[in-house]
Amino acid sequence: MVYECIVIGAGIQGSFTAYHLAKNNKKTLLLEQFVLPHSRGSSHGQTRIIRKAYEHDFYIHMMQESYKLWAELEKEAGVKLYRHTGLLLMGPENGKDFQLIKSSMQRNKIPTVVLERHEFSQHIPNVNLTSGDGAIVETTAGVLYADRALRAAQAVFQTHGGTIKDGEKVINIEPGDLITVTTDSGTYQAKNLVITAGPWAKTLLSHTGLQLPLQVLRINVCYWKEKIPGSYSINNRFPCFIQMQPKEAEHDIYGLPSNEYPGLMKVCYHMGSETDPDERDRQTDRREVDALSGYISRCFPGLVPVPAVVESCMYTITPDKHFVLDRHPSYSNIVIGAGFSGHGFKFGPVVGKVLCEMSMGQNPSYDLSPFSIHRFNGNPK
Ligand SMILES: Cc1cc2nc3c(=O)[nH]c(=O)nc-3n(C[C@H](O)[C@H](O)[C@H](O)COP(=O)(O)OP(=O)(O)OC[C@H]3O[C@@H](n4cnc5c(N)ncnc54)[C@H](O)[C@@H]3O)c2cc1C
Ligand SMILES: O=C(O)[C@@H]1CCCC=N1
């Protein structure tokens, strides 16, 4: 059988690409190396932040549609995928990064509340706002139920006639008008191919002669115990947060209210150490956990500053932390979605839509120049 499209990788981006293809009546095969569901890539775990708070208008515009598409999936699958919590953004008040996000939120009319220092603790109890920091709340942000969302996208894909073959690792790709994809247990052909292989994208793309400057990081996903149960809970309306430029570390720290593990709040560092995706769990680098402990002691006094649970996940980062959404430079029927740089989950429905559009030969709904492969020319590292 010849498929209209094969999608490699059933993480959130590949699953949503397959979902849109099947809804457009394209005969689609979704290939996944591990037996589903699995926790060895980037899309596992119960929760992710969804927000529009971005410095760049192109992300904000994509998120405006993404919220609608998430709601559509909720209806189609009959499951709740989004919980409204709001997002507290804290960072040096006069710093460039904080000001850029603040002004882009205001310019794009994103519902926002600016909290003055004197009123901060009345709205956000149990958090110490760092001296010199400003605080803004994006009121429509919240939590996505990640595992549930992944299952829902895959289920709707199958309802629309899509085929998933899991436990099949792609070991070779032969480009051509008809692309041949070989796995460790079969060979498939399709007119189009979408590669959404997450941390394995760099290796898989090298089979097609393409080298992308992607770096894979292992992330310690830390949960911290509330001293008084419920004090940072989703049920008590505690928001998600992002702390820009914390004193303890070079990169942002972010957190989600206690929810999936009652009594434990997820607080993570937006960076990790380089890893081979097949060796992720052999690594035990916990340097970032010390920085998190210091931040928690100082700013979240209601949490025990020693993690109660540490899980693992991976980021696949590009040099500028923007995604790669483009056609293969040598083969126009191969489309690539990669390098989601630790912030791609919330965009899943829109990323899937544009990858589907490109693989159907249509013009993508968004200007994808910020995500082009050519931006790495001359700066391949
Ligand atoms: C700790 C953590 C917190 C995050 N928080 C947020 C957040 O709050 N908000 C947000 O928007 N984003 C967040 N992200 C980022 C988001 O989760 C990722 O950007 C997103 O999940 C990437 O999805 P993906 O489909 O590209 O990759 P993956 O989920 O890794 O999917 C790729 C799939 O391809 C498969 N594959 C690879 N090679 C092959 C092969 N040869 N053959 C067959 N299959 C193959 C893999 O097994 C895998 O299942 C977070 C990420 C982490 C790790
Ligand atoms: O994408 C997100 O919203 C989260 C929080 C900030 C850092 C990365 N992921």
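**Two ligand shells and the strands around them**

Mentor: A nitrogen atom of ligand 2 is 3.0 Å from a polar backbone atom of Gly-342, and since this is a predicted model, let us take that contact as a place to begin.

Trainee: Which side chain has an N or O atom 2.5 Å from an oxygen atom of ligand 2?

Mentor: The residues surrounding ligand 2 include Ile-49, Arg-51, Gly-342, His-343 and Lys-346, and two of the side chains among them can be examined in turn. Arg-51 places a polar side-chain atom 2.6 Å from an oxygen atom of the ligand. The 2.5 Å distance, also to a ligand oxygen, belongs to the side chain of Lys-346.

Trainee: How much of the area that ligand 2 exposes when taken alone is buried by the protein?

Mentor: The polar contact at 3.0 Å from the backbone of Gly-342 is one part of a surrounding that also includes Ile-242, Tyr-254 and His-270. Taken alone, ligand 2 exposes 260 Å², and the share of this that the protein buries is 94%.

Trainee: Turning to ligand 1, which residue has a polar side-chain atom 2.4 Å from one of its oxygen atoms?

Mentor: Two backbone contacts should be set apart before the side chain is named. A backbone N or O atom of Gln-33 lies 2.9 Å from a nitrogen atom of ligand 1, while a polar backbone atom of Ser-42 is 3.0 Å from an oxygen atom of this ligand. The side-chain contact at 2.4 Å, again with a ligand oxygen, is made by Ser-43.

Trainee: What percentage of the accessible area that ligand 1 has on its own does the protein cover?

Mentor: There are 37 residues around ligand 1, of which Glu-32, His-38, Ser-43, Ile-49 and Cys-313 come nearest. On its own the ligand has 1000 Å² of accessible area, and the protein covers 97%.

Trainee: Which element gives the most residues to the shell around ligand 1?

Mentor: At least two residues each come from helix 1 (12–23), strand 3, strand 13 (215–226) and strand 18 (303–317). The element that gives the most, with three residues, is strand 18.

Trainee: Why is one side of strand 3 (47–50) left without a neighbour in its sheet?

Mentor: Three strands form this open sheet, with antiparallel pairing, in the order 3-8-4. Strand 3 and strand 4 (82–84) stand at the edges, and one side of each is left without a neighbour because each has a single partner strand. From one strand to the next, the twist averages 30°.

Trainee: Which residue of strand 8 is the bridge partner of Arg-48?

Mentor: Strand 3 runs antiparallel to strand 8 (residues 142–145), and four bridges join the two. Helix 2 (residues 57–77) lies across both of these strands and strand 4, running at about 135° to strand 3, whereas helix 5 (residues 146–159) lies across strand 3 and strand 8 at about 50° to strand 8. Within strand 8, the residue bridged to Arg-48 is Leu-144.

Trainee: In strand 14, which residue is the bridge partner of Leu-87?

Mentor: Strand 5 (residues 87–92) is largely enclosed by the rest of the structure, because five of its six residues are buried. With strand 7 (residues 133–138) strand 5 pairs in the antiparallel sense over six bridges, where Leu-88 has Val-137 as its partner. With strand 14 (residues 240–243) strand 5 runs parallel, joined by four bridges, and there the partner of Leu-87 is Cys-240.

Key: Residues are numbered from 1 along each chain as its sequence is written. Chains are lettered from A and ligands numbered from 1 in the order in which they are written. This is a predicted model: local features need pLDDT of at least 70, side-chain atom pairs count only at pLDDT 80 or more; totals for chains, interfaces and linings use all residues. Side-chain values use heavy atoms; hydrogens and water are left out. Two strands pair if DSSP finds at least two bridges between them. Axes are lines fitted to C-alpha atoms, for helices over the stretch in contact, and angles run from 0 to 180 degrees between N-to-C directions. Contact means heavy atoms within 4.5 Å. Buried means under 20% relative accessible area, exposed over 50%, partly exposed in between (1.4 Å probe, protein chains only). A residue is near a molecule or strand if one of its heavy atoms lies within 4 Å of it. A polar contact is a pair of N or O atoms within 3.5 Å; within protein, one must be able to donate a hydrogen and the other to accept it, and residues adjacent in sequence count only if both atoms are side-chain atoms. Accessible areas come from the Shrake-Rupley method with a 1.4 Å probe; for residues, only the protein chains shown count as cover.
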